[in-house]
Amino acid sequence: LRGEGTGTLPCVVSIFGSAFYGRFDGPPCLLNLTDECVVVVIEHRGSMHGGVFPEALHDVVAAVRHVRGTAKTLGIDPDRIAAFGDSSGGWFALMLAVLSNNPQADLLGNSGGFPGVSAAVTCAIALFPPTKFDDMDRQHRAQFHAQKHDAPDSPEAHFMGFPVQSDSVDHASPITYVTNDTPPIFLAHGDSDPLV
């Protein structure tokens, strides 16, 4: 969506939440920003359609590279790209941020038409994202009927390809990749959320 401004505008890449199943549920909640920036909605393969970890992350990374690689055509400032997402979309936004300036990041892949272009974002806004899959059941509030994330058929287990109570799940945790060079992140959780 192109705003009404002149010159190059900042961009927000918006990744929808879907419990990693990849369902697109409608327009982003950021439509009121379109006079101030360009909003790009990113889709990815869902966990039931080949989008297990890290392939779905590669889809999102390829989309950000495409946005940066075509920034001039889109009227976007390639140095001002932010990531936004809620729930599982927030997880993708966090991963984009923590992998942006991380030399250890080997999860970005090289898929898409712009493999040499940076997928770095300048900041991220993540609303109620999972941050550590193997802690989700332990951290839920007892008064709510919570989804069982440790179950072998949970959304997170489908996304990882195995139950989340495994040492191997740490490489899918944004917390693992936070460094002093991580760009600014706004992270919000609610204390009455029965899912995340």
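This tour moves through a predicted model, from the whole chain to the sheet, the nonpolar cores and the cysteines.

**The whole chain**

Begin with the entire protein chain in cartoon view. Five helices and five strands are present, and their order along the sequence is β-β-α-α-β-α-β-α-α-β. Of the 196 residues, 48% count as buried. Switching to a surface view shows an accessible area of about 9500 Å², with 54% of it belonging to carbon and sulfur atoms. Among contacts between residues at least 6 apart in sequence, 78% join residues at least 24 apart.

**The sheet**

Next, select the five strands. They form an open sheet in the order S2-S1-S3-S4-S5, with parallel pairing. The edges are taken by strand S2 (38–42) and strand S5 (185–188); each has a single partner strand, so one side of each lacks a neighbour in the sheet. From one strand to the next, the twist averages 20°.

Is strand S2 largely enclosed or left open by the rest of the structure? Four of its five residues are buried, so S2 is largely enclosed, although S2 stands at an edge of the sheet.

Now select S2 together with strand S1 (9–15). These two run parallel and are joined by five bridges. Within the pair, Cys-11 stands opposite Val-38 of S2.

Move to strand S3 (residues 76–86) and strand S4 (residues 123–127), which also pair in the parallel sense, over five bridges. Here Asp-86 lies opposite Leu-127 in S4. Add helix H3 (residues 88–100), which packs on the sheet and touches S1, S3, S4 and S5. The direction of H3 makes about 140° with that of S3.

**The nonpolar cores**

Keep H3 on display and select the side chains of Val-13, Trp-91, Phe-92, Phe-133 and Phe-159. In the largest nonpolar core, which has 39 residues, these five touch the most other members. Elements that each supply at least two residues of this core are S1, S2, helix H1 (55–69), S3, H3 and helix H5 (155–160). Which element gives the largest share of this core? Helix H3 does, with eight residues.

Centre the view on Val-13. Leaving aside residues up to four places away in sequence, Val-13 touches Val-40, Ile-42, Val-64, Val-67, Ile-81, Ala-82, Ala-83 and Phe-84. A second core, separate from the largest one, has five residues, among them Cys-37, Val-39, Ala-82 and Phe-84.

**The cysteines**

Finally, select Cys-11 and Cys-37 and show their sulfur atoms. A disulfide is a covalent bond between the sulfur atoms of two cysteines. How many disulfides does a search of the whole structure find? The search finds zero.

Why does Cys-11 form no such bond? The closest cysteine sulfur to that of Cys-11 is in Cys-37, 7.3 Å away, which is too far for a bond. A disulfide requires the two sulfur atoms to be within 2.5 Å. Seen from the other side, the sulfur of Cys-37 has that of Cys-11 as its closest cysteine sulfur, at 7.3 Å.

Both residues are out of the way on a surface view: Cys-11 counts as buried, at 2% relative accessibility, and Cys-37 is buried as well, with a relative accessible area of 6%. To end, return to the pairing of S1 and S2, where Cys-11 faces Val-38, and to the second core, which includes Cys-37.

Methods:
Residues are numbered from 1 along each chain as its sequence is written. This is a predicted model: local features need pLDDT of at least 70, side-chain atom pairs count only at pLDDT 80 or more; totals for chains, interfaces and linings use all residues. Side-chain values use heavy atoms; hydrogens and water are left out. Buried means under 20% relative accessible area, exposed over 50%, partly exposed in between (1.4 Å probe, protein chains only). Two strands pair if DSSP finds at least two bridges between them. Axes are lines fitted to C-alpha atoms, for helices over the stretch in contact, and angles run from 0 to 180 degrees between N-to-C directions. Contact means heavy atoms within 4.5 Å. A nonpolar core is a set of buried Ala, Val, Leu, Ile, Met, Phe, Trp, Tyr and Cys residues joined through side-chain atoms within 4.5 Å. Accessible areas come from the Shrake-Rupley method with a 1.4 Å probe; for residues, only the protein chains shown count as cover.
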